[in-house]
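Student: I have not looked at this structure before. Could we go through it by question and answer?

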Amino acid sequence: MVLQVLVTRYMGDYTRRDISNMNQTSGLYLYETMGAYFDDREHYLDIRGKCAIQCRKCVDAGVIAPVFESMQGLQSHVMKEHKLKLCSLCCEGRNCFPSELPMYTNKQLDRHMNIGEPEEGFKGHPSCQFCRKHFYNDDKLYQHMTTEHYTCHICKRQVSHCVIGRRRLLWRN
């Protein structure tokens, strides 16, 4: 059985109907990328627009904005056409529509990576103390630290807090 998804704003008796053979003429709109049917045209167009990988700056300016195949295409466009950047970590890890991703100047992106937006509760993307690489969040940093760097077999803390280069800490604990 093929899974069928119906996105609706209304309650209805769709459970007994086979919606796979329906299309725009029967009152349902199929968004093939999501594999979902919508029963409300406005809602369908809204979600389709939000899911499209398009430049928000171009859309807001009323310019016919190209739809990109990937986030890399959008990032290249934003850099080339607008001299701005998207945070690649947010593009990968943030759960939002592409149109909701903020665009930054080099200085703003540096601040975003290191300091974040404290007034919004975001303290920047954490970085590895060994290789200085940034990660989306603490969980991703922890994953990196446990696979790429060593942990102390005695106290299970990261080596940077314990043994290598700081051997005396091991003896104090």
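Student: Which residues are exposed on the other side of α3, away from its buried residues?

Tutor: This is a predicted model. A residue counts as exposed when its relative accessible area is over 50%. On the side of α3 opposite its buried residues, the exposed ones are Q72 and K80.

Student: Which residues of α3 are buried, and why do they line one face of the helix?

Tutor: The buried residues of α3 are M71, L74, Q75, H77 and V78. Looking down the axis of α3, these buried residues fall within a limited arc, so they line one face of the helix; that arc is 160 degrees.

Student: What covers the buried residues of α3?

Tutor: Cover here is a matter of contact, that is, heavy atoms within 4.5 Å. Among the elements that cover the buried residues of α3 are two helices, α2 (56-60) and α4 (88-93).

Student: How far does α3 reach from its first C-alpha to its last?

Tutor: Helix α3 covers residues 71-82, which makes 12 residues. At 1.5 Å a residue, the expected span is 16 Å. The model comes close to that, with a reach of 16 Å.

Student: What is the phi of K83, and where does K83 lie?

Tutor: Most residues other than glycine have a negative phi. K83 is not a glycine, yet its phi is positive, near 55 degrees. K83 comes just after α3, and its place is the loop between α3 and α4.

Student: Is K83 buried or exposed?

Tutor: The cut-off for exposed is a relative accessible area over 50%. K83 counts as exposed, its value being 66%.

Student: Which loop holds R132, and what is the phi of R132?

Tutor: R132 sits in the loop between α5 (106-114) and α6 (138-148). R132 is exposed, with a relative accessible area of 60%. Although R132 is not a glycine, its phi is positive, at about 60 degrees.

Student: Is H144 buried or exposed, and which residues does H144 touch?

Tutor: H144 is part of helix α6. Its relative accessibility is 11%, and H144 therefore counts as buried. Leaving out residues up to four places away in sequence, H144 touches C128, C131, F135 and H149.

Student: What pattern do the helices and strands follow along the sequence?

Tutor: The protein chain has seven helices and three strands. In sequence order, the pattern is β-β-β-α-α-α-α-α-α-α.

Student: How much of the protein chain counts as buried?

Tutor: Buried means under 20% relative accessible area. The protein chain has 173 residues, and the share of them that counts as buried is 31%.

Notes: Residues numbered from 1 in each chain as written. Predicted model: local features only at pLDDT ≥ 70, side-chain atom pairs only at ≥ 80, totals over all residues. Heavy atoms only, no water. Helix = DSSP H or I, 4+ residues; strand = E, 2+ residues; numbered from the N terminus. Expected span 1.5 Å × (residues − 1). Buried < 20%, exposed > 50% of the residue type's maximum accessible area, 1.4 Å probe, protein only. Arc of directions from axis to C-beta.
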